[in-house]
Amino acid sequence: MATAWQRWAAFLAKGEPDDVKHQDATHALVVCGLLYAAMLAVGFSIDRLLAREEELPPSAWAAYALLGYWSWLVILRLRCETASVAQDVYQLMFSCNFSMPVAAAAIYWRKPILLCAQGILVAIDQVLWYVDLLGYLLTGKLPLKVVGYLLWPSTPLSRRISCIHHVLFEPLVICVGSQGQSLPILRGFLVALAQTVVCQAICRYTTPIEIQHGKELCYLNINLCYESFRDVKVAWIRRYDGAKASSYLPWMLWIWNGGNLILFLLLVVF
């Protein structure tokens, strides 16, 4: 007879794309809540181990603004997007989404390491957006096509008008974080590293690469836990796309974390 832990593990497991658990939002809500709780727990735990006698200056307004924007984003997307509520909830598990409430908590409790970690965590995503937007303004083309999904006919209006955090999140983190003595980039990177490892383990175990909704397959690949961006054509980056987790995840994690650190350093310098 299965134990309670075994039943719980079976419920959390991703199953097949057409598994009945993906037909409503219950599984998605539970695993999304699990990821957010894990990111907060890991972030605050590693922050406590690395912290010194340092605090951010009071910036409660920034915490409230960030949390308010994130709440608006969640309500808008769940109310206005696709017919698959499960898909919409799963997509809230992307790091660009969960980093906002974690950053708001870091600002509210004046944790510079944890705040810096959230900026590092999404640096690749944000910088690629800057490159695409600048290229589009100058040439009318998207050099990297990371922003390309906004131009897809299938992309709902709510997704297009709730993407401003991809542009403003990093400036907010750097602006608020720089009010202290200096940005603790190395220690922030260690927190971000721990968060990405836990995040990938959860996403790979609990979410499939795609789910079946009616006759349509809805692509997920949450936090690139199965393969790189489909528009990325660099062969060495895609070397282990679709491979088993023990081969793909270490490969993706070193590329993602190394790239995040380098690009965040560039954002801070420039």
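Asn257 is buried, with a relative accessible area of 4%, where buried means under 20% relative accessible area, found with a 1.4 Å probe on protein chains only. The model is predicted, so local features need pLDDT of at least 70 and side-chain atom pairs count only at pLDDT 80 or more, while totals for chains, interfaces and linings use all residues. Residues are numbered from 1 along each chain as its sequence is written, and side-chain values use heavy atoms, with hydrogens and water left out.

Asn257 belongs to helix α11, residues 245–269, a helix being a DSSP run (H or I) of at least four residues, numbered from the N terminus. Leaving aside residues up to four places away in sequence, Asn257 touches Phe189, Ala192, Leu193 and Thr196, and contact here means heavy atoms within 4.5 Å. With Thr196, the side chain of Asn257 also makes a side-chain polar contact of 3.1 Å.

Helix α11 also packs against helix α6 (residues 112–121), at an angle of about 110° and with the axes 8 Å apart. That makes α6 roughly perpendicular to α11, a word used for angles of 65 to 115 degrees. The contact is made by Cys116, Gly119, Ile120 and Leu121 of α6 together with Trp256, Asn260, Leu261 and Phe264 of α11.

An unreviewed UniProt entry lists residues 28–46, 58–78 and 248–269 under "transmembrane region", and such annotations may be inferred rather than shown by experiment. Two of these spans are set out below.

| Span | Helix | Strand | Distance between end C-alpha atoms |
|---|---|---|---|
| residues 28–46 | 100% | 0% | 27 Å |
| residues 248–269 | 100% | 0% | 32 Å |

Notes
Helices (H or I, at least four residues) and strands (E, at least two) are DSSP runs, numbered from the N terminus. Buried means under 20% relative accessible area, exposed over 50%, partly exposed in between (1.4 Å probe, protein chains only). A polar contact is a pair of N or O atoms within 3.5 Å; within protein, one must be able to donate a hydrogen and the other to accept it, and residues adjacent in sequence count only if both atoms are side-chain atoms. Axes are lines fitted to C-alpha atoms, for helices over the stretch in contact, and angles run from 0 to 180 degrees between N-to-C directions. Angles under 35 degrees count as roughly parallel, over 145 as roughly antiparallel, 65 to 115 as roughly perpendicular and the rest as oblique.
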